[in-house]
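Here are some notes for your reading of this model, set out as numbered points. They deal with strand pairing and with enclosed space, and they are best read with the structure open alongside.

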Amino acid sequence: MSEGTAGAAAEVVRSWRPPVPGVAEVLHARFTRHAYPMHVHDTWTVLLVDEGAVRYDLDRRHRGALGSAVTVLPPHVPHDGRDATGAGFRKRVLYLEPGVLPGRLAGAAVDEPALADPRLHRAVAALHATLLRPGEDLEAAERAALLVAGLRRCLEGREPPPVRRDAPLAARLRDLLDAHVVEGVALQRAARELHASPEHLVRAFRREVGMPPHAYLTARRVDRARRLLLAGHRAADAAVLAGFHDQPHLARHFRRVLGVPPGRFAAGGPRWEA
């Protein structure tokens, strides 16, 4: 992860490459004076403007980006970017690998780069939030798969399809997760082994089981950690043995599920009054 300032304390850029298939880079930035010159990316650009507004030219047409819309710029199309209000702007950007969306959708993105779809906006924001939390690779991959499907539907002008019931597929994914609680299973690997698209895999599991795959796996890990703690393991060791990224990762989920941090849980037990 890299972080730097752009000439003033108020101008900050933070960028990193997450371990999520299809996501080439994440960038969070706050600019007060910087203006991007005309440039191109070899990725799809998915932009949220959280404060202020941005003016830009895309394919020799004047455009604007506001907080209510998701702005999608296709690969290899020149564009610039600058503050539209005089007060600066804050943005979050996902750079998606060029192959995640069909090249034929580039024209639709150029014609209408601002997608005013609240569901899509929530999906992008949720993925950004997940990417800021260490150890949530499966959740991030799930959210990325659903986001890509949502982008494709918006650019194609289609309604989202109804969620199909698929109990056998959900059961096979649950068996796969149960067999790999500690080391986990990458979403792309599960999709290949079960011969389903990542999007359908996530939606079918959530429909049949009642929670997304990442939440199921986390619940299994919390259950394993509590048994390790009761057996006398230190919280730091229990975190690793249960499959969590580190002790803070365990503590975050343990407290959410059980209402207490791992240390207090392990220190509990019956207290007998004389």
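1. Strands S6 and S7 run antiparallel and are joined by 5 bridges. One of these pairings can be located by residue, since Val54 has Ala65 in S7 as its bridge partner. Please keep in mind throughout that this is a predicted model.

2. The pair belongs to an open sheet of 4 strands, in which the order is S4-S9-S6-S7 and the pairing is antiparallel. S4 and S7 (61–65) occupy the edges, and because each has a single partner strand, one side of each is left without a neighbour in the sheet. On average, neighbouring strands of this sheet are turned by 20° against each other, when direction is ignored. As general background, the strands of a sheet pair through backbone hydrogen bonds, either parallel or antiparallel.

3. As for enclosed space, the count comes to 1 cavity of 30 Å³ or more, and the largest cavity holds about 180 Å³. It is lined by 16 residues, of which Leu47, Leu73, His79, Asp80 and Lys91 are the closest to its centre.

4. Which elements give two or more residues to the lining of the largest cavity? They are the strands S4 (36–39), S5 (44–51), S6 (54–58), S8 (70–73), S9 (79–83) and S10 (89–96), and the largest share, 4 residues, comes from S10.

5. In character, the lining of the largest cavity is mixed, with 8 nonpolar, 6 polar and 2 charged residues.

Definitions and conventions. Residues are numbered from 1 along each chain as its sequence is written. This is a predicted model: local features need pLDDT of at least 70, side-chain atom pairs count only at pLDDT 80 or more; totals for chains, interfaces and linings use all residues. Side-chain values use heavy atoms; hydrogens and water are left out. On a 1 Å grid over the protein atoms alone, a cavity is a set of points where a 1.4 Å probe fits but cannot get out, and a pocket is an open set with protein on both sides within 12 Å along at least five of seven lines; lining residues have an atom within 4 Å of a point. Grid points are joined across faces, edges and corners, and a volume is the space filled by probe spheres set on the points. Ala, Val, Leu, Ile, Met, Phe, Trp, Tyr, Cys and Pro count as nonpolar, Asp, Glu, Lys and Arg as charged, and the others, Gly among them, as polar. Two strands pair if DSSP finds at least two bridges between them. Axes are lines fitted to C-alpha atoms, for helices over the stretch in contact, and angles run from 0 to 180 degrees between N-to-C directions.
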